[in-house]
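Okay, thanks everyone, I'll keep this brief. Let me put the model up and then we'll walk through a few parts of it.

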Amino acid sequence: MKQPVIFTDLDGTLLDHETYSFGPALPALKLIRELDIPLIVCSSKTRKEIEWYRDKLGNTHPFISENGGGIFIPSGYFDTLGQFLRSAETLEDGYVMIRLGAPYRELRSALLELRNEGFGITGFGDMTTAEVAAVTGLPEEQAAMSRERDFDEPFLFNGDDTVAVKLQEAIRLKGFNLTQGRFFHILGGSDKGKAAAILADLYRKNYGEITTCALGDSPNDLPMLEYVDYPVIVKKSDGRHDPRIDIPRLIKAEGAGPIGWNLAIIGLLDDWRRDC
């Protein structure tokens, strides 16, 4: 069996949409640990938020923050970084970081311009920690972590689909992109697929042939899902798969959030072991 590498979104995928619990996925998580399969968190969440969940999960693998804005690799995890060595930054707290996203200050400046142009948008940077906690359902400690951003700005949008199309074009004209998960996000040229491709290449260079899988639930996961060998979407909390995600080889898990995640991973692991 080729070495599997699994990429996963958090909100609404490994984490329940309402409770942020990964409890229903524990059986699959246990199997992944036993088989020593790298599990790469690839989320719109910030570095601090992801580190908080990695600690809960006992995860020591690289991770991707803020919709592909930054790749964080524990120092010494790979023997070589190859072509990515020049663009990597060694951080003081034990990571090597590959920066792909736009500087946060530029995103904030663009968002303010958009609001002055008449778009009804409110970014996380415009809110207090208590306000972010209210709109996300997060405890204030985690809401505070979600405001410490580097590459991506989530925002609330007050407008219909027609205005949303105009907003997307206005963002494009400023040199940025729009994506959507639990919230709308303005970001640079980074996305989850580009970041996943870099990490997958590093795994190949260091470990040989691999099989890639990714799990998500929203449009911001689409670039990551398009890249991997086994793309999986879980159901939304309303019991439906997002109809905007329609790609070849797509596996539609029978279950919402971590319930679907658990079923999909156990099924894939069984298939992979039978094929080896």
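So, Cys42 first: it's buried, with a relative accessibility of 0%. Cys213 is in the same situation, since its relative accessible area is 0% and that makes it buried too. One reminder before I go on: this is a predicted model.

Now, why does Cys42 have no bond to the closest cysteine sulfur? Because that sulfur, in Cys213, is 13 Å away, which is too far. A pair would need its sulfurs within 2.5 Å to count as a disulfide. Looking from the other end, Cys213 is in no disulfide either, with the sulfur of Cys42 as its nearest cysteine sulfur. And if you search the whole structure, you get zero disulfides.

Okay, the nonpolar cores. The largest one has 39 residues, and the members touching the most others are Ile6, Leu14, Leu29, Leu215, Trp261 and Ile265. Which elements feed into it, with at least two residues each? On the helix side that's α1 (26-34), α2 (47-57), α4 (129-136) and α9 (257-275); the strands are β2 (39-42), β6 (95-99), β11 (210-216) and β12 (230-235). The largest share is from α9, with six residues.

If you zoom in on Leu29, and skip its neighbours within four places in sequence, you'll find it in contact with Leu14, Phe22, Leu39, Leu57 and Trp261. There's also a second core, separate from that one, with 30 residues, including Ile71, Leu81, Ile198 and Leu202.

On to the pockets. How much space is in the largest one? About 340 Å³. It's lined by 18 residues, and the closest to its centre are Gln168, Leu178, Thr179, Gln180 and Pro219. Three elements, α6 (161-173), β9 (177-180) and β10 (184-187), each put at least two residues into that lining, and β9 has the largest share, with four. As for chemistry, the lining has seven nonpolar, eight polar and three charged residues.

The second largest pocket comes in at about 260 Å³. Here 22 residues make up the lining, and nearest the centre you have Asp11, Ser44, Arg182, Phe183 and His185. By class, that lining divides into eight charged, nine polar and five nonpolar residues.

That's my tour, so shout if you want any of it back on the screen.

Conventions
Residues numbered from 1 in each chain as written. Predicted model: local features only at pLDDT ≥ 70, side-chain atom pairs only at ≥ 80, totals over all residues. Heavy atoms only, no water. 1 Å grid on protein atoms, 1.4 Å probe; cavity = no way out; pocket = protein on both sides within 12 Å on 5 of 7 lines; lining within 4 Å. Points joined across faces, edges and corners; volume = space filled by probe spheres on them. Nonpolar A, V, L, I, M, F, W, Y, C, P; charged D, E, K, R; others polar. Core = buried A, V, L, I, M, F, W, Y, C linked by side-chain atoms within 4.5 Å. Buried < 20%, exposed > 50% of the residue type's maximum accessible area, 1.4 Å probe, protein only. Contact = heavy atoms within 4.5 Å.
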